[in-house]
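Q: Could you take a close look at one part of this model for me? Keep it casual, and spell out your cut-offs as you go.

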Amino acid sequence: MFSQNMIIRDGEYTKTIYTMIKEERFQDAINTLNTIPESSTTRAGLSLLGHCYYQTQDFIEAANCYEHLLNLVPDVQEYRLYYAQSLFQAGLFEEAQKIIATGLDSPELKEKVLQLQSAIAYGNEDYTAAQSLLLQRQDGNGQEASTKNDEGCLLYQANMYEDALQRYVSALQAGGFNPHVAYNAALCHYRRKENSQALNYIAEIVERGIRNHPELGVGAQAETEGGARSVGNPPALAASGLAQAFNLKAAIEYQEGNADGAREALTDLPPRSEPELDPVTLHNMALTDPTGGGAGLRRLAFLLELGPPACPPETFANLLLLCCKHEMYDTAADILAEHTHLTYKYLSPYLYDLLDALITAQSTPEEAEQKLGTLASSIGGRLRALAAKVQECRSATDQNALRMALREYEGALESYLPVAMARAWIPWRMDDFQGAEREFRASAEFCSETPSWRLHAAHVLFMRGDRYKEAAAFYEPIVRQNYDDILSIPASVLANLCVAYIMTSQNEEAEELMRKVERAEERKGNATGQCLHLCIVNLVIGTLYCAKNNYEFGLSRIAHALDGGSGARLCADTWIHVKRCVLGLLTGMAKQTIVLPSIALQETLNFLRACEAYGLTIPSVLTGPLEDSGEQPPTIGLEARKLRALLLRLMEYK
């Protein structure tokens, strides 16, 4: 590999530099050219530098080179076109348009100029102008595929996905396989919720990319657990369409609720350092970050500050939704206030109304309920009309019309479900579980067969405290559906179902379910303590018995769940259950309403002593995604020591 300080003999500079360019080692060529003083002042040097900078996607430097070239040779139209193209790629649309308007009138370059002008109009979201410019272009000289692709892009922006797909297929037929056109076709299928067809296009893009560009190291990050050497952003990566394909695959997995699959798709991308990532990849990594919301929020905020065209259009909405997910409503309100100009551009009226209601609920729940009720009534009326339309299409046996009607109904239902959940969430957060149940019953007409609705309805019935049998009836189908892979079921579902069984005198069913979870954990291997399903089940059952004042059995169950306080399962998530039950015991003992045998008290002391030793450096509280007070959080060890001291004082009290 050539280094910046390599020695080149006189007379071999031209050969060496052109060899580097031929081998697509553009950064080496730039480094070598920058060691030659004449490169920045001569036509040949600036032309080569501009080309190399453009290929490495350093469009600002490329534009600077072509600007100097125009000062040297103002009559060369190609340099003016390259200058405009560099400015366009750098996102400087207005500057690029000015360069085109000042003397770029060569007949030989007319088609390329029209293509660039339509791209600028498209980038500025002036689709009418883009369409007008497109009509002026000619399909000759092998431009048919390009024109068809651009027509498809305009149709896509108009949400005419079927027509756009036809144009992309025609472009592939006219010009042969092109990964970018194939990606566009996959994107149309994705928008039409035809994920299997989209994945077929993605698979072909990836297969060709791996075969034609093995140097990009597809999958190297997964094989080396993130330690692969960065390949940067070579022209081969841009030409291969791999970044777009893997990002679309991640979007499909994420939409289907498979966060691990989405992360795996992003891990298969050619290895790059974070500063080298394109905005779309950075955006998708923010949404799938496994470490929590903090890094994701910071990435999305960074992209939002970049602004268009670098910032993906979905960034604004996803940043607000992520803030609401982590209950950072004040932050969401501040972002909305600071970016009012983006509200009407990137938020649909539906999404704005939903976010506004969620934020309003923090101060005036009654007003939020009214807003959500209006939104639910509007979507509910549309769902009823679409349901009638579906029935008509079924009666008429028109399969195409039926598919379209079903797609419209599913889209409306996807909009209705978050509104229904939000309406139930308002009373839920105030511990009004009867009110939450009432809201769920109101939305049952449309959502009763939706898995997420059934899951949350089960939680509400469970929290009522007197509806365990009904809650179990909702939980059981979820467990049966995934019985062979029981660890894929959320631990909260298993724990609540076990408690529901116990509270309805079905202890054998509860024990069988716990044995099933235990066997699954043993098969998977639980040496690292990361599999917490059985632990959480035991914690919830132990907490239940403590709530019923059976602290002897309840605390023994909790201690067993945490391996006596000396296992890897001890963390902030599990410790909160421990201290809640111990504090309940201490309160009862102080009021002299609870009496425990000496042996049970000694076991509790031993358990707290083990928690104190093992949790010496483990934080005892969960922090929010952006919390960074600079102060050291309290540790489990310190809190366990205080609880043990209080228990000893109460034991000594006569």
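How far apart do the C-alpha centres of domain 1 and domain 2 lie? After that, please zoom in on the negative surface patch and helix α20.

A: This is a predicted model, where local features need pLDDT of at least 70, side-chain atom pairs count only at pLDDT 80 or more, and totals for chains, interfaces and linings use all residues. Numbering starts from 1 along each chain as its sequence is written, and side-chain values use heavy atoms, leaving out hydrogens and water.

The two C-alpha centres are 26 Å apart. Domain 1 covers 464-528, and domain 2 covers 549-621 + 631-653; such bounds come from an automatic or database domain assignment.

Now the patch. Glu-305, Asp-330, Asp-334 and Glu-338 make up a negative surface patch. Patch members have over 30% relative accessible area and no salt bridge (a side-chain nitrogen of Lys or Arg within 4 Å of a carboxyl oxygen of Asp or Glu), with like charges joined within 9 Å. Areas come from the Shrake-Rupley method with a 1.4 Å probe, and for residues only the protein chains shown count as cover. Helix α20 (residues 329-338) is the top contributor, with three residues; helices here are DSSP runs (H or I, at least four residues), numbered from the N terminus. Asp-330 sits in helix α20, and counts as exposed because its relative accessible area is 60% (exposed is over 50%, buried under 20%, partly exposed in between).

The loop between α19 (315-325) and α20 holds Glu-327. Glu-327 has a positive phi, near 60°, without being a glycine. Most residues other than glycine have a negative phi. Glu-327 is exposed too, at 58% relative accessibility.

Methods. Patches are made of residues with over 30% relative accessible area and no salt bridge: like charges are joined within 9 Å, nonpolar side chains (Val, Leu, Ile, Met, Phe, Trp, Tyr) within 5 Å. Lys and Arg count as positive and Asp and Glu as negative; His and the chain ends are not counted. The place of a charge is taken as NZ of Lys, CZ of Arg, CG of Asp or CD of Glu. Helices (H or I, at least four residues) and strands (E, at least two) are DSSP runs, numbered from the N terminus. Buried means under 20% relative accessible area, exposed over 50%, partly exposed in between (1.4 Å probe, protein chains only).
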